[in-house]
Amino acid sequence: MYRFILALLLACLCLGCEETEVKQVPPQLVVEGWIDSGGFPIVKLTTTVPVSKQAQSTDSLDRFLVRWAKVTVSDGTREVVLTGMPNRDYFPPYIYTTSEMRGEVGKTYTLKVDYQNFHAHAVTTIPKPVALSRISAEEIPLYPGWFKLRIDFKDDPTTTDYYKVFVRLYGEKYDFHSTYFGTYNDRLLPTQASLLVENARQNVVNPTATFFKRYEIVNIKFCHIDSVSYDFWKSMDDYQSEGRNPLFNAMQNIHTNIQGGLGYWCGYGASYYAYQILN
């Protein structure tokens, strides 16, 4: 999923650019966790990175990984202990998971984490997946050979629904990345909804950073989410858009549903698609 720990590091480094002395605070537990409909739970644990005026490489973040926590997930009927293991297909490259529980639509899942003095828990639900009816590519006139994707689906006008879009290029690691401004509340959507999908915004200097190249195979994860998950991802969208703009104040807290820590525990009614840009 989205590299939440890097967002926290970016905030720390930005504060480190100031000459004003910043008071250090105790470390906090950071949780990145989700469970898809039909999928196994995935949880990544770290602690917050302290503010520093010295540059810190991503390799140095290894010491902030939490490897020996007790992590459990309950569906209201049974509770399963997750196993921690190294996995280079994710970032950070260590996950807690289990093959003894799969996400089921309509169920509520409670996550608990215990590690030394850290004790955290969170609750999420898995809504029913919503299928896409169409995927298409739209070339960017200013950048020939670069595209945005458009996805179409039918929204239920009788309910309040929330959606989240993730992408991963074919051949990349398992982590899906949040698309740029990829969180939606259906109050602003028509019944026959149509959304533009941009790539994850990893490089603000490169003007094509949010686009896709011709012939790329894009894996799309389209998620129906609950309101709690929407609140987290919407606040991340706001941070990503305003946090790199010198004209806006981006010091607001990122929303979290983790009691006793930071981050997220989200249930996804997930639909998966692979689309090759052949235009």
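Is Tyr-115 buried or exposed? In this predicted model, Tyr-115 is buried, because its relative accessible area is 17%, and a residue counts as buried when that value is under 20%.

## The chain as a whole

The chain contains 2 helices and 16 strands, and of its 279 residues, 52% are buried. The surface that the chain exposes comes to about 14100 Å², with carbon and sulfur atoms supplying 53% of that area. When contacts between residues at least 6 apart in sequence are considered, 67% of them join residues that are at least 24 apart.

## Strand 7 and its neighbours

Tyr-115 belongs to strand 7, where the side chains alternate along the strand. Tyr-109, Leu-111, Val-113 and Tyr-115 point to one face and are buried, whereas Thr-108, Thr-110, Lys-112 and Asp-114 point to the other face and are not buried.

Strand 7 pairs with strand 3 through 5 bridges, and these two strands run antiparallel; within this part of the structure, Asp-114 in strand 7 stands opposite Lys-70. Strand 7 also pairs with strand 8, which covers residues 118–125, in the antiparallel sense and over 8 bridges, and Thr-108 has Thr-125 in strand 8 as its bridge partner. Strands 7 and 8 form a hairpin with 2 residues between them, and in the turn Gln-116 has a positive phi of about 50 degrees.

## Aromatic rings

The structure holds 16 aromatic pairs. One of them is formed by Tyr-115 and Phe-118, whose rings are 6.5 Å apart from centre to centre, with 5 degrees between their planes, and this pair is stacked. Phe-118 is buried, with a relative accessible area of 17%. A further pair brings together Phe-232 and Tyr-264, and this pair is tilted because the ring planes stand at 35 degrees, while the ring centres are 4.7 Å apart. Phe-232 lies in helix 2 (residues 227–242) and Tyr-264 lies in strand 16 (residues 262–276), so the pair ties together parts that are 32 residues apart in sequence. Phe-232 counts as buried at 1% relative accessibility, and Tyr-264 is buried with a relative accessible area of 0%.

Phe-232 and Tyr-264 also take part in one aromatic cluster, together with Phe-166, Trp-233 and Tyr-268. The ring of Phe-166 has a charged partner as well, since the charged end of Lys-164 sits over this ring at 5.6 Å from its centre. Elsewhere, Arg-168 lies over the face of Phe-176, at 5.0 Å from the ring centre.

## Salt bridges between parts of the chain

Side chains of opposite charge can pair when their charged atoms come close. In this model the count comes to 10 salt bridges. One of them joins the side chains of Asp-36 and Lys-221, with a distance of 3.0 Å from N to O. Asp-36 lies in strand 1 (residues 29–36) and Lys-221 lies in strand 15 (residues 217–225), so this salt bridge ties together parts that are 185 residues apart in sequence. Asp-36 is buried, with a relative accessible area of 7%, and Lys-221 counts as buried at 1% relative accessibility.

Lys-164, whose charged end sits over the ring of Phe-166, forms a salt bridge with Asp-237, and the closest N and O atoms of this pair are 3.9 Å apart. The pair links distant parts of the chain, with Lys-164 in strand 11 (residues 162–169) and Asp-237 in helix 2, 73 residues apart. Both Lys-164 and Asp-237 are buried.

## A network around Lys-107

Lys-107 forms a salt bridge with Asp-75, in which the closest N and O atoms are 3.4 Å apart. This pair links distant parts of the chain, 32 residues apart: Lys-107 is in the loop between strand 6 (94–97) and strand 7 (108–115), and Asp-75 is in the loop between strand 3 (70–74) and strand 4 (79–81). Lys-107 counts as partly exposed at 24% relative accessibility, whereas Asp-75 is buried, with a relative accessible area of 11%. Glu-104 joins these two residues in a network of salt bridges.

Methods
Residues numbered from 1 in each chain as written. Predicted model: local features only at pLDDT ≥ 70, side-chain atom pairs only at ≥ 80, totals over all residues. Heavy atoms only, no water. Phe/Tyr/Trp six-rings, centres within 6.5 Å; stacked < 30°, edge-to-face > 60°. Buried < 20%, exposed > 50% of the residue type's maximum accessible area, 1.4 Å probe, protein only. Helix = DSSP H or I, 4+ residues; strand = E, 2+ residues; numbered from the N terminus. Lys NZ or Arg CZ within 6 Å of the ring centre and 35° of its normal. Salt bridge = Lys/Arg side-chain N within 4 Å of Asp/Glu carboxyl O. Pairing = 2+ DSSP bridges. Contact = heavy atoms within 4.5 Å. Areas by Shrake-Rupley, 256 points an atom, 1.4 Å probe, with all protein chains shown as cover.
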